[in-house]
Amino acid sequence: MSKQPVPRPRDDAECCTSLVAEPVSVAEAEEMSVLLKAIADPVRLRLVSLIASHQGGEACVCDLTGAFELTGPTISHHLKILREAGLIGSQRRGTWVYYWINPGVLARLSALLAPDAAHLAVSG
(Lines give C-alpha, C1' and ligand atoms only; values in the text may rest on other atoms or scores of the structure.)
Protein backbone atom coordinates (compact mmCIF):
# COMPACT_ATOMS: atom_id res chain seq x y z
CA MET A 1 0.00 0.00 0.00
CA SER A 2 1.12 3.52 -0.73
CA LYS A 3 2.39 5.72 2.09
CA GLN A 4 1.35 8.93 0.30
CA PRO A 5 -0.83 11.33 2.26
CA VAL A 6 -4.52 10.56 1.92
CA PRO A 7 -6.54 13.50 0.54
CA ARG A 8 -9.34 14.44 2.92
CA PRO A 9 -12.73 14.36 1.23
CA ARG A 10 -14.99 17.34 1.64
CA ASP A 11 -17.91 16.79 3.99
CA ASP A 12 -20.67 17.96 1.65
CA ALA A 13 -22.46 16.79 -1.46
CA GLU A 14 -22.55 20.11 -3.32
CA CYS A 15 -19.35 19.67 -5.32
CA CYS A 16 -19.98 16.19 -6.60
CA THR A 17 -21.72 15.63 -9.93
CA SER A 18 -23.14 12.39 -11.22
CA LEU A 19 -20.86 10.34 -13.45
CA VAL A 20 -23.68 10.36 -15.98
CA ALA A 21 -24.03 14.16 -16.00
CA GLU A 22 -20.39 14.93 -16.80
CA PRO A 23 -16.94 13.43 -16.35
CA VAL A 24 -15.38 14.00 -12.93
CA SER A 25 -12.34 16.21 -12.65
CA VAL A 26 -8.92 14.79 -11.85
CA ALA A 27 -9.05 16.23 -8.32
CA GLU A 28 -12.55 14.90 -7.69
CA ALA A 29 -11.59 11.46 -9.03
CA GLU A 30 -8.64 11.36 -6.63
CA GLU A 31 -10.83 12.39 -3.67
CA MET A 32 -13.59 9.95 -4.52
CA SER A 33 -11.16 7.07 -5.11
CA VAL A 34 -10.08 7.36 -1.46
CA LEU A 35 -13.69 6.84 -0.38
CA LEU A 36 -14.28 4.00 -2.81
CA LYS A 37 -11.05 2.25 -1.79
CA ALA A 38 -12.01 2.57 1.86
CA ILE A 39 -15.36 0.82 1.43
CA ALA A 40 -14.16 -1.67 -1.20
CA ASP A 41 -13.08 -4.09 1.53
CA PRO A 42 -15.89 -6.43 2.69
CA VAL A 43 -15.08 -5.92 6.38
CA ARG A 44 -15.10 -2.15 6.04
CA LEU A 45 -18.31 -2.19 4.02
CA ARG A 46 -19.94 -4.26 6.76
CA LEU A 47 -18.59 -1.91 9.44
CA VAL A 48 -20.13 1.08 7.65
CA SER A 49 -23.41 -0.80 7.38
CA LEU A 50 -23.35 -1.86 11.04
CA ILE A 51 -22.61 1.68 12.21
CA ALA A 52 -25.22 3.27 9.92
CA SER A 53 -27.94 0.85 10.96
CA HIS A 54 -27.17 0.93 14.67
CA GLN A 55 -29.90 2.40 16.85
CA GLY A 56 -29.22 6.06 17.59
CA GLY A 57 -26.89 6.47 14.62
CA GLU A 58 -23.70 5.55 16.46
CA ALA A 59 -22.12 2.34 17.62
CA CYS A 60 -19.63 1.49 20.32
CA VAL A 61 -16.63 -0.48 19.16
CA CYS A 62 -17.80 -3.13 21.62
CA ASP A 63 -20.96 -3.50 19.48
CA LEU A 64 -18.93 -3.99 16.31
CA THR A 65 -16.24 -6.50 17.23
CA GLY A 66 -18.67 -9.35 17.94
CA ALA A 67 -19.94 -9.30 14.35
CA PHE A 68 -16.59 -10.51 13.00
CA GLU A 69 -14.24 -13.40 13.53
CA LEU A 70 -11.34 -10.94 13.63
CA THR A 71 -9.11 -9.65 16.41
CA GLY A 72 -9.72 -6.29 18.05
CA PRO A 73 -6.59 -4.77 16.50
CA THR A 74 -7.76 -5.84 13.02
CA ILE A 75 -11.16 -4.22 13.54
CA SER A 76 -9.40 -1.10 14.84
CA HIS A 77 -7.24 -1.02 11.70
CA HIS A 78 -10.32 -1.14 9.46
CA LEU A 79 -12.07 1.55 11.51
CA LYS A 80 -8.96 3.74 11.22
CA ILE A 81 -9.03 3.47 7.43
CA LEU A 82 -12.71 4.44 7.36
CA ARG A 83 -12.04 7.33 9.75
CA GLU A 84 -9.05 8.61 7.75
CA ALA A 85 -11.12 8.49 4.56
CA GLY A 86 -13.74 10.62 6.32
CA LEU A 87 -16.56 8.07 6.08
CA ILE A 88 -16.94 7.78 9.85
CA GLY A 89 -16.27 9.93 12.87
CA SER A 90 -15.37 8.79 16.35
CA GLN A 91 -15.18 9.89 19.96
CA ARG A 92 -13.64 8.22 22.99
CA ARG A 93 -15.98 8.01 25.96
CA GLY A 94 -14.21 6.51 28.91
CA THR A 95 -12.92 3.08 27.91
CA TRP A 96 -14.90 2.80 24.67
CA VAL A 97 -14.79 4.54 21.31
CA TYR A 98 -18.08 5.37 19.59
CA TYR A 99 -18.42 5.67 15.81
CA TRP A 100 -20.94 7.37 13.55
CA ILE A 101 -21.38 7.85 9.82
CA ASN A 102 -20.48 11.20 8.26
CA PRO A 103 -23.64 11.73 6.21
CA GLY A 104 -22.16 14.42 3.96
CA VAL A 105 -19.45 12.07 2.79
CA LEU A 106 -21.95 9.32 2.01
CA ALA A 107 -24.06 11.90 0.19
CA ARG A 108 -21.04 12.70 -2.02
CA LEU A 109 -20.68 9.02 -2.89
CA SER A 110 -24.40 8.79 -3.61
CA ALA A 111 -24.31 11.89 -5.80
CA LEU A 112 -21.38 10.51 -7.77
CA LEU A 113 -23.03 7.16 -8.42
CA ALA A 114 -26.64 8.32 -8.80
CA PRO A 115 -28.04 8.47 -12.30
CA ASP A 116 -28.83 11.95 -13.52
CA ALA A 117 -32.62 12.07 -13.99
CA ALA A 118 -32.47 14.60 -16.85
CA HIS A 119 -29.88 12.53 -18.73
CA LEU A 120 -31.90 9.33 -18.27
CA ALA A 121 -35.06 11.03 -19.56
CA VAL A 122 -33.27 12.09 -22.77
CA SER A 123 -31.50 8.78 -23.40
CA GLY A 124 -34.25 6.46 -22.11
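Which residues does phenylalanine 68 touch, not counting residues up to four places away in sequence? The structure discussed here is a predicted model, and in it phenylalanine 68 touches Val43, Arg46, Leu47, Leu50 and Ile75. Phenylalanine 68 belongs to the loop between helix 3 and helix 4. With a relative accessibility of 10%, phenylalanine 68 counts as buried, because the limit for that class is under 20%. One of its partners, valine 43, is 25 residues away in sequence, yet the C-alpha atoms of the two residues are 8.2 Å apart in space.

The overall plan of the chain gives this loop its setting. The secondary structure consists of six helices and three strands. Read from the N terminus, the elements follow the order α-α-β-α-α-β-β-α-α. The protein chain has 124 residues, of which 31% count as buried. If one takes the contacts between residues at least 6 apart in sequence, 63% of them join residues at least 24 apart.

The interior can be approached through its nonpolar residues. The largest nonpolar core contains 27 residues, and Leu47, Ile51, Leu79, Leu82, Leu87 and Tyr99 are those with the most contacts inside it. At least two residues of this core come from each of helix 1 (26-39), helix 2 (42-53), strand 1 (58-60), helix 3 (61-65), helix 4 (72-85), strand 3 (96-101) and helix 5 (103-113).

Two residues show how such contacts are arranged. Isoleucine 51, leaving aside residues up to four places away in sequence, touches Gly57, Glu58, Ala59, Leu64, Leu79, Ile88, Tyr99, Trp100 and Ile101. Leucine 64, one of these partners, is situated in helix 3. Its relative accessible area is 1%, so leucine 64 is buried. Under the same exclusion of residues up to four places away, leucine 64 touches Leu47, Leu50, Ile51, Ala59, Leu79 and Tyr99. Histidine 54 stands ten residues from leucine 64 in sequence, with 9.7 Å between the two C-alpha atoms.

Lysine 80 offers another view of helix 4, where it has its place. Is lysine 80 buried or partly exposed? Its relative accessibility is 40%, and lysine 80 therefore counts as partly exposed. Ten residues along the chain from lysine 80 lies serine 90, and their C-alpha atoms are separated by 9.6 Å.

Polar and charged groups also take part in the picture. Asparagine 102 occupies the loop between strand 3 and helix 5. Asparagine 102 counts as buried because its relative accessibility is 16%. Its side chain reaches the backbone oxygen of isoleucine 88 at 3.3 Å. Arginine 93, for its part, lies over the face of tyrosine 98, at 4.5 Å from the ring centre. Aromatic pairs, by contrast, number zero in the structure.

The cysteines remain to be considered. Cysteine 60 has a relative accessibility of 2% and so counts as buried. Cysteine 62, with a relative accessible area of 34%, is partly exposed. How many disulfides does a search of the whole structure find? The search finds zero. A disulfide is a covalent bond between the sulfur atoms of two cysteines.

Technical notes. Residues numbered from 1 in each chain as written. Predicted model: local features only at pLDDT ≥ 70, side-chain atom pairs only at ≥ 80, totals over all residues. Heavy atoms only, no water. Disulfide = S-S within 2.5 Å. Buried < 20%, exposed > 50% of the residue type's maximum accessible area, 1.4 Å probe, protein only. Core = buried A, V, L, I, M, F, W, Y, C linked by side-chain atoms within 4.5 Å. Helix = DSSP H or I, 4+ residues; strand = E, 2+ residues; numbered from the N terminus. Contact = heavy atoms within 4.5 Å. Polar contact = N/O pair within 3.5 Å; in protein donor to acceptor, adjacent residues only side chain to side chain. Phe/Tyr/Trp six-rings, centres within 6.5 Å; stacked < 30°, edge-to-face > 60°. Lys NZ or Arg CZ within 6 Å of the ring centre and 35° of its normal.
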